[in-house]
Amino acid sequence: MKINQNIFLDQLAIFIREYTGSNPGYSPQLLAEMLASKFHIPVEDAIKLVVYVEKELRAGKLGLAAIELNLTFNCNLTCEYCFVHCKSPEDRMSFETARKAIDLLMEHAVFPVVVITLIGGEPLLEFELIKKIVPYAKEAAQKCNREVTWAITTNGTLINEKILQYFAQNQMNMLLSIDGGPETHDRYRRTKSGEGTWHRITSLIPLIKKYQPWLGARMTVSTEAVNNMVEDFRQIVNMGINQMIIAPAQGEKTWTMEQIKQYGLNLMEITRQYHRLKQQGVPLFIEELEKSENEFLGWGCRAGSTSLAIAPNGDVSPCSKLLGLNSQEGKHIIGNVNTGIQEDLLNLFKNPVGQQPQHCKGCSRPCAGGCYAVNFEQTGDFFRPSEENCLFWVVCQEAKRLSGILRMREMARREKQWF
């Protein structure tokens with residue numbers, strides 16, 4: 001099972017929500033035909049999906065597909081670029097809070113398959129809590145004929161065979177945070193005593209792959225590491241990582257134009273190497289490089305629309321990155337699982353296209369609007385992309401365009417061999 005396989009489900013949910021919200025008198029048949037065409041699914045399956053969603057919408061549900069459980073804001077590392085700005089050992093989720101968060105998801109879910117992401121801080125600090133959450137979520141899902149899939153993002157330093165066995169038994173896949181080779185990785189990802197963690201993580205990879213053969217990693221590129229980006233990519237591939245998310249470290253500290261340009265040039269070279277490696281039979285997958293540059297699924301992300309984030313104390317926000325901000329306004333708390341939530345506070349996020357800045361509407365490079373948390377930090381508005389976000393979008397689109405060209409060339413080469 002590949003990391004992020006549930007993004008397709010999220011995209012379906014976002015499209016249906018936006019379409020039904022902006023077309024109150026919509027035709028279910030037309031919606032089904034649009035789903036079949038846009039997402040390449042059989043019309044009969046699209047019709048079943050529309051019937052199911054209509055039933056849930058009539059029941060007045062939020063339309064959730066996922067929640068992020070921030071088990072703790074504590075961490076055993078001190079990464080300066082972490083989106084959680086204020087960490088504390090006291091910020092730990094209780095099982096009672098986790099239980100109520102899961103109940104919230106099951107009550108308001110629209111789809112038969114839901115995603116629960118375990119995140120932090122470092123979620124493996126709360127492994128005992130995880131062992132209580134998993135059976136409860138499975139039982140709660142079974143009662144309402146749903147299925148749970150899991151996502152876990154970890155720095156990898158606390159992994160042991162007991163944890164790996166548990167995750168394998170419960171079909172829970174991990175995404176490791178690895179920034180590259182030892183120099184790059186240990187620049188930021190150190191213990192509280194200042195020790196690097198690269199050797200610790202890489203020494204565990206053979207054991208991890210014994211239980212999770214297809215292994216994914218997030219490669220966060222800092223401004224200091226941008227010049228080393230291609231070499232870091234190669235080092236991660238050489239570790240045996242199969243799937244990667246490559247993304248710049250963004251936040252209040254902004255990138256210069258020259259740094260973004262260098263990031264773009266390096267991403268192009270990574271794209272070339274990615275296709276060469278795949279041609280050589282290396283089992284590797286980078287989702288962004290498999291997408292079409294023309295793929296555009298609307299303004300805004302799933303945060304606050306089909307997904308909610310729960311803080312350790314039970315506070316509810318559209319996403320975990322918002323919860324990590326210092327600003328109370330930026331956190332956008334809509335309530336608490338222990339005391340209730342105000343659904344109307346999510347209206348902006350349910351229909352983000354209505355918040356699209358005027359200057360974005362005629363843009364020749366239509367994007368999804370950037371990260372809400374980065375937008376807020378850099379512009380003070382969830383829905384107003386910063387110039388930095390816009391430039392990174394263009395860079396990624398160019399990488400997709402190049403990837404598409406290389407993919408077509410490879411297909412043509414194979415067809416020529418056949419004949």
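User: Happy to look at this predicted model with you. At what angle do helix H5 and helix H6 pack, and how are they oriented to each other?

Analyst: Helix H5 covers residues 127-143 and helix H6 covers residues 161-169, and their axes lie 12 Å apart. The packing angle is about 15°. Angles under 35 degrees count as roughly parallel, so H5 and H6 are roughly parallel to each other.

User: Which residues make that contact, and how do they divide into nonpolar, polar and charged?

Analyst: H5 passes H6 in a left-handed crossing. On the H5 side the contact is made by Phe127, Ile130, Lys131, Val134 and Pro135, and on the H6 side by Lys162, Ile163, Tyr166 and Phe167. Lys counts as charged, and the contact has Lys131 from H5 and Lys162 from H6. The division is 7 nonpolar, no polar and 2 charged.

User: Nice, now the other helix pair. How are H9 and H10 oriented, and what is the hand of their crossing?

Analyst: Helix H9, residues 229-238, packs on H10 at an angle of about 30°, with the axes 9 Å apart. With the limit at under 35 degrees, H9 and H10 are therefore roughly parallel to each other. Their crossing is right-handed.

User: What does each helix bring to the contact of H9 with H10, and how do the residues divide?

Analyst: H9 brings Met229, Val230, Phe233, Arg234 and Val237. From H10 come Tyr263, Asn266, Leu267, Glu269, Ile270, Gln273, Tyr274 and Leu277. The residues divide into 9 nonpolar, 2 polar and 2 charged.

User: Staying with H10, is Thr271 buried or exposed, and which residues does it touch?

Analyst: Thr271 is found in helix H10. Its relative accessible area is 0%, so Thr271 is buried. Not counting residues up to four places away in sequence, Thr271 touches Leu289, Ala399, Leu402, Ser403 and Leu406.

User: And Ala249: where is it found, and how far is it from Val221 in space?

Analyst: Ala249 is found in the loop between strand E6 (243-248) and helix H10 (257-279). With a relative accessible area of 17%, Ala249 is buried. Apart from neighbours within four places in sequence, Ala249 is in contact with Tyr81, Thr220, Val221, Ser222 and Trp255. Ala249 and Val221 are 28 residues apart in sequence, yet their C-alpha to C-alpha distance is 5.6 Å.

User: Tyr81 came up there. What kind of aromatic pair do Tyr81 and Tyr188 form?

Analyst: A search of the whole structure finds 14 aromatic pairs. For Tyr81 and Tyr188, the ring centres are 5.1 Å apart and the planes stand at 70°. Planes over 60 degrees apart count as edge-to-face, so this pair is edge-to-face.

User: Where do Tyr81 and Tyr188 sit along the chain, and how many residues apart are they?

Analyst: Tyr81 is in the loop between strand E1 (66-70) and helix H4 (95-108), while Tyr188 is in helix H7 (residues 182-188). Tyr81 counts as partly exposed at 21% relative accessibility, whereas Tyr188 counts as buried at 11%. The pair links distant parts of the chain, 107 residues apart.

User: What is the angle between the planes of Phe382 and Phe383, and which cluster do ring pairs build with them?

Analyst: Phe382 and Phe383 form an edge-to-face pair, 6.3 Å centre to centre and with 80° between the planes. Phe382 is buried, with a relative accessible area of 9%, and Phe383 is buried too, at 4%. Ring pairs link these two into a cluster of Phe349, Tyr372, Phe376, Phe382 and Phe383.

User: Which residues of helix H15 are buried, and what phi does Gly380 take just after H15?

Analyst: Helix H15 spans residues 372-379, and its buried residues are Tyr372, Ala373, Val374, Asn375 and Phe376. Tyr372 and Phe376 also belong to the ring cluster. Just after H15, Gly380 takes a positive phi of about 80°.

User: What about His40 and Asn145: what phi values do they have, and are they buried or exposed?

Analyst: His40 is in the loop between helix H2 (28-39) and helix H3 (43-58), and its phi is near 55°, a positive value in a residue other than glycine. Asn145, in the loop between H5 and strand E3 (147-154), has a positive phi of about 55° although it is not a glycine. Exposed means over 50% relative accessible area. With 71%, His40 is exposed, and at 68% Asn145 counts as exposed.

Key
Residues are numbered from 1 along each chain as its sequence is written. This is a predicted model: local features need pLDDT of at least 70, side-chain atom pairs count only at pLDDT 80 or more; totals for chains, interfaces and linings use all residues. Side-chain values use heavy atoms; hydrogens and water are left out. Helices (H or I, at least four residues) and strands (E, at least two) are DSSP runs, numbered from the N terminus. Buried means under 20% relative accessible area, exposed over 50%, partly exposed in between (1.4 Å probe, protein chains only). Contact means heavy atoms within 4.5 Å. Axes are lines fitted to C-alpha atoms, for helices over the stretch in contact, and angles run from 0 to 180 degrees between N-to-C directions. Angles under 35 degrees count as roughly parallel, over 145 as roughly antiparallel, 65 to 115 as roughly perpendicular and the rest as oblique. A crossing is left-handed if the near helix is turned anticlockwise from the far one by less than a right angle, and right-handed if clockwise. Rings of Phe, Tyr and Trp (its six-membered ring) pair if their centres lie within 6.5 Å; planes under 30 degrees apart count as stacked, over 60 as edge-to-face and the rest as tilted.
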